[in-house]
Every structure is written in C-alpha cells, then in structure tokens.
Amino acid sequence: MRQRQQTGFTYLALLFAVAFAGIAMAATGILWSVERQRLREQELLFVGNQFREAISHYYASSPGMEKEYPRTLNDLIEDRRFLGVKRHLRKIYPDPLTGKPTWGMITAPQGGIMGVYSLANGQPIKTGGFKGCDELFAGQNSYAGWRFVFRPVAVVPESSP
C-alpha cells in the first residue's frame, strides 16, 4: 500500500494566502494613514488662512487711526468695538491635527494676536509647493513652523515732484 506524500499542501497554501492578505492590509493601512495626514494638512492650511484673514479684517476695521490686533481669538467671533457686533470669523476652528480648539498664539509687538500656529507634534508631509502667504512654510520640519501671521503692509507716502 502506498502512503500519500502530499499531505498538508492545502494547509501550506492557506498559510501563504493569510500571510499575503496580512501584508496587503498593512500596506493599505500605511497608504490610508498617509492620505489621511495629507488631508489634515490641507485642512490646516485652510483653517490657518481663515484665522489670518479674520485677523486682517479685524485689524483693517479698527475704528479710528490706531489699528489694533484682537486680544483673544473670541474677539474675532464677536468684535464689540462697534455699536453692533461684528463677526470676522464664524467660530474658533479646532486644530485639524490635534482635534482641539487650542492654538499657539503669535503676539504682535504692540499687543494682541497677529497669528496662530498648530500645537501638533510631528513632521509635515508637505514641504514644498506652497502658494501666496504660505510660501514661507517650505522646508519647515515641524507643524509649529507653519505660522499663519497677518503682517500689515506699511504704506509709504508718495512724494510730490
């Protein structure tokens, strides 16, 4: 009587299939994680620019000749320097990277908040290809380097000929 020499072939094939599926799932998870981080970075750029724009509007609409920055981020939601409440921002957006409504603040020399930045740890995936005011973010190795700052343009009086 002859013994079967091929016992365990199905078991071995199943082990290889499970190993292959595990490797494929791990690769998919890594790709998904990177894509999720890129989306969070895009959202950070959007939200940060919303803060920069709101600070710019607050500064530009200052009553009188003396321009001022907001003292708190809540001043951007309810600007009470006027008879009616003026809104420069709809809400205090949470940091897309941390999920918390807390931001790092950049203080203006004369007081007030002139910008914000993320308090998230980590290194950005995006290191180039920034546009406009965000061009300074190129080459930054941390999210704290992405500083959304409003700097007013100094007006130089024209000299008459």
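In which helix is L15 found? L15 sits in helix α1, which covers residues 9-60; helices here are DSSP runs of H or I with at least four residues, strands are E runs of at least two, and both are numbered from the N terminus. The model is a predicted one, so local features need a pLDDT of at least 70 and side-chain atom pairs count only at pLDDT 80 or more, while totals for chains, interfaces and linings use all residues. Residues are numbered from 1 along each chain as its sequence is written, and side-chain values use heavy atoms, with hydrogens and water left out.

Taken as a whole, the protein chain has two helices and three strands, strung along the sequence as α-α-β-β-β. Its radius of gyration is 27 Å, well over the 15 Å that the globule rule gives for 161 residues, so the chain is more spread out than a compact globule. That radius is taken over C-alpha atoms, and the rule is 2.2 Å times the number of residues to the power 0.38. Along the principal axes, the C-alpha atoms fill a box of roughly 115 × 40 × 20 Å. Of the 161 residues, 31% count as buried, meaning under 20% relative accessible area, with exposed being over 50% and partly exposed in between (1.4 Å probe, protein chains only). The chain exposes about 11600 Å², and carbon and sulfur atoms supply 58% of that; areas come from the Shrake-Rupley method with a 1.4 Å probe, and for residues only the protein chains shown count as cover. As for contacts (heavy atoms within 4.5 Å), 50% of those between residues at least 6 apart in sequence join residues at least 24 apart.

Back on helix α1, L15 is partly exposed, at 44% relative accessible area. L15 also joins Y11, L12 and F16 in a nonpolar surface patch of about 460 Å². Patches take residues with over 30% relative accessible area and no salt bridge, joining like charges within 9 Å and nonpolar side chains (Val, Leu, Ile, Met, Phe, Trp, Tyr) within 5 Å. S56 belongs to α1 too, but S56 is buried, at 17%. The C-alpha atoms of S56 and P94, 38 residues apart along the chain, are separated by 20 Å.

Next come the charged pairs. Four salt bridges turn up in the whole structure, each being a side-chain nitrogen of Lys or Arg within 4 Å of a carboxyl oxygen of Asp or Glu. One of them pairs R81 with E68 at 3.8 Å, N to O. R81 lies in the loop between α2 (74-77) and β1, and E68 in the loop between α1 and α2, so this pair ties together parts that are 13 residues apart in sequence. R81 also meets D79, at 2.7 Å, and E68, D79 and R81 are linked in a network. D79 is buried at 1%, whereas R81 is partly exposed at 21% and E68 partly exposed at 32%. Another bridge joins E78 to R80, with the closest N and O atoms 2.4 Å apart; E78 is partly exposed at 31% and R80 exposed at 60%.

Finally, the strands. β1 (residues 104-107) runs antiparallel to β2 (residues 113-117), joined by four bridges; strands pair if DSSP finds at least two bridges between them. G104 has Y117 as its bridge partner in β2. G104 and I106 form the covered face of β1, with M105 and T107 on the uncovered one. Five residues lie between the strands of this hairpin, where G111 takes a positive phi near 100°.
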